[in-house]
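Me: I'm new to this one and would like to go through it slowly, a piece at a time. Could you show it to me before we start?

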Amino acid sequence: MLGKLIGYETKAFGRIMVPLYIAMLAFALFTGLSIRFVPEDIMQGLPGVLIGMLYGVLMMAIIIMTCVLSVTRFYKNLLGQEGYLMFSLPTDTATLIVSKVISVLIWTGFSTIVAFMAIALSALGAGGIEAFRELLHFFRHPEILQHLSQISGVLILTVLMIIAGTAASIVRIYAGIAIGHQFNDHRILFSIVALIAFNIIGTIWSTLLSTFGFYTGVFESLSRIFEADTVQGICIAQTGMIGVLLFQVALFGILTWVLLDRRLNLE
Amino acid sequence: MSMLECTALSKNYGSVEALRSIDLTLESGRIVGLVGPNGSGKTTLIKLAQHLLTPTSGMITIDGMIPGPQTKAIVSYLPDRDFLPQWMNLDELMTFYHDFFPDFNPAKAADMLDTLGVSGRQPLGKMSKGTREKVQLIFTMSREAKVYLLDEPIAGVDPATRDYILRTILSNYSENALVLISTHLITDVEPILDEVVFLQKGTIELHENADALRERTGKSIDGYFREVYRCWGN
């Protein structure tokens, strides 16, 4: 059922995001080719400014639409009128919530990949295949490869941290929306109030954790490890951070589940 | 066989009591009218049966089970609003129902859509309100469910559509299924009812066989309630 729900979410996201991706990639290639073939004095004038602006607008549109859809798909599909259908499916509330979170992670990943591909396509258009050869040559350099292998652990943990951070942010927003829906009026306002409250509580919690780390000597031990082996120190700090983020995912996830399963208040 | 059972079931919204300790048993193979004025607790009872609400106290069971994923697999629910994704067209909706409801019968849905002349590739949001309501009912009745919960299926539609909806309910429910129709428009549904449950202010005022009620009172169900409760307005 989880796979089917993710597939359905993919359709809902895709009908809006895929045309944007295609437009972005096509325009990125066009921008690159313009830089390469249009005389420099024209590109430095109004046409160049317009191309640059449109490039930026498309990139922003992808980022904004990914964020907007992440929230509205939860808000409208589960707590709007469609919620009557979604909560009538033969599955449990937890599966519905998990499918939303995984879909957001997938589409955030797609948007990030498209953004990088757009940059690569403009570079390819501007510099031709030669530019790519040079880039590949750079990454094949033995010193670069050695350096990358040394920090591979940090790179993997960074990716995991970004994934855990995105999941924690999105589940926190879902919990805020679920709290807002406990009220019959001004639901969006109460959702925002809940999110502000989460931020305040989060700040207090971070301060308490820092104080705890300082007085128990955790920070000192970490800094000794960091001085002895920087990469190992970063890895330990990242692992700790991922643990904290996963704890937040669990905490806000359970709160969202309780509110949607036991105190559902559909429109 | 008991298909829907409520035991001392209560539901409060804050200080408002929507349902007050109701006891109710509904058997399979029956079409039951859940009637009562606006705000009497009809929609609340249906939402509790579908786990869209949780009881304040007491218990409700469907086929002996507490409402949850297992009961949702055997209950086909028609809410009193546009609940289908408005961006989907009929083909996408057909795939959705086929994917998520194992008891969905696509041939039945296609046949009903064809009979009604509902076709095209436009999304539901672009269809007229009447057509959307027909589509919703067709998909609800195209499941081979054990329980059909129909919340105000005829409210706000023209008389021709009303007739179609009632014919659809009569000709498409599984014979061993329970059909619970919530409505405040008794006259229109009366001909198809086997039983009637009358709710008022969150309590069951009456639960009786439709024919027995007519025989006992010498009146139509609608006429009886108009006279006794004087709270009707068609």
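Reply: Here is one term to settle before we begin: the domain bounds used here come from an automatic or database domain assignment. With that in mind, the C-alpha centres of domain 1 of chain A and domain 2 of chain A lie 24 Å apart. Please also keep in mind that this is a predicted model.

Me: Ok, and which residues go into domain 1 and domain 2 of chain A?
Reply: Domain 1 of chain A covers residues 1-136, and domain 2 covers 141-267.

Me: How many residues of those two domains are in contact?
Reply: On the domain 1 side of chain A there are 19 residues in contact, and they meet 17 residues of domain 2 of chain A.

Me: What is the secondary structure of chain A?
Reply: Chain A has 10 helices and 0 strands, so read along the sequence its pattern is simply α-α-α-α-α-α-α-α-α-α.

Me: What radius of gyration does chain A have, next to a compact globule?
Reply: For 267 residues, a compact globule would come out near 18 Å, but chain A has 23 Å. Taken along the principal axes, the C-alpha atoms of chain A fill a box of roughly 65 × 55 × 35 Å.

Me: How much of chain A is buried?
Reply: Buried residues account for 35% of the 267 residues in chain A. The chain exposes about 14,900 Å², and carbon and sulfur atoms supply 75% of that area.

Me: And where do the charges of chain A sit on average?
Reply: Chain A carries 14 positive and 14 negative charges, and the mean positions of the two sets are 12 Å apart.

Me: Let's zoom in. Where is Phe139(A) found?
Reply: Phe139(A) belongs to helix H5 of chain A, which runs over residues 93-139. Its relative accessibility is 41%, and because values between 20% and 50% fall in the middle class, Phe139(A) counts as partly exposed.

Me: Which residues does Phe139(A) touch?
Reply: Leaving aside residues up to four places away in sequence, Phe139(A) touches Ile144(A), Leu145(A) and Leu148(A). Leu245(A), by comparison, is 106 residues from Phe139(A) in sequence, and the two C-alpha atoms are 32 Å apart in space.

Me: What about Asp229(A), where does that lie?
Reply: Asp229(A) lies in the loop between helix H9 (218-228) and helix H10 (230-262) of chain A. With 36% relative accessibility, Asp229(A) counts as partly exposed. Between the C-alpha atoms of Asp229(A) and Ala61(A) the separation is 42 Å, with their positions 168 residues apart along the chain.

Me: Switching over, how many helices and strands are in chain B?
Reply: Chain B contains 9 helices and 9 strands. Among its contacts between residues at least 6 apart in sequence, 69% join residues at least 24 apart.

Me: What is the radius of gyration of chain B?
Reply: Chain B has 18 Å, which agrees with the value near 17 Å that a compact globule of 234 residues would have. Its C-alpha trace spans about 50 × 35 × 35 Å along the principal axes.

Me: How much of chain B is buried, and how much area does chain B expose?
Reply: Buried residues make up 55% of the 234 residues in chain B. About 9,500 Å² of chain B is exposed, with carbon and sulfur atoms supplying 48% of it.

Me: How many positive and negative side chains has chain B?
Reply: There are 23 positive and 30 negative side chains in chain B, and the centres of these two sets lie 6 Å apart.

Me: Now Ser182(B): buried or exposed?
Reply: Ser182(B) is buried, because its relative accessible area is 0%. This serine lies in strand S7 of chain B, residues 178-183. Apart from residues up to four places away in sequence, Ser182(B) touches several others, among them Leu34(B), Lys42(B), Asp151(B) and Glu152(B).

Me: Last one, what about Leu113(B), buried or exposed?
Reply: Leu113(B) has 5% relative accessibility, so this leucine counts as buried. Its place is in helix H4 of chain B, residues 106-116. The residues that Leu113(B) touches, not counting those up to four places away in sequence, include Leu90(B), Met94(B), Val135(B) and Phe139(B). The C-alpha atoms of Leu113(B) and Lys134(B) are separated by 8.7 Å, although the two are 21 residues apart along the chain.

Methods: Residues numbered from 1 in each chain as written. Chains lettered and ligands numbered in written order. Predicted model: local features only at pLDDT ≥ 70, side-chain atom pairs only at ≥ 80, totals over all residues. Heavy atoms only, no water. Helix = DSSP H or I, 4+ residues; strand = E, 2+ residues; numbered from the N terminus. Rg over C-alpha atoms; globule rule 2.2 N^0.38 Å. Buried < 20%, exposed > 50% of the residue type's maximum accessible area, 1.4 Å probe, protein only. Contact = heavy atoms within 4.5 Å. Areas by Shrake-Rupley, 256 points an atom, 1.4 Å probe, with all protein chains shown as cover. Lys, Arg positive; Asp, Glu negative; His and termini not counted. Charge placed at Lys NZ, Arg CZ, Asp CG, Glu CD.
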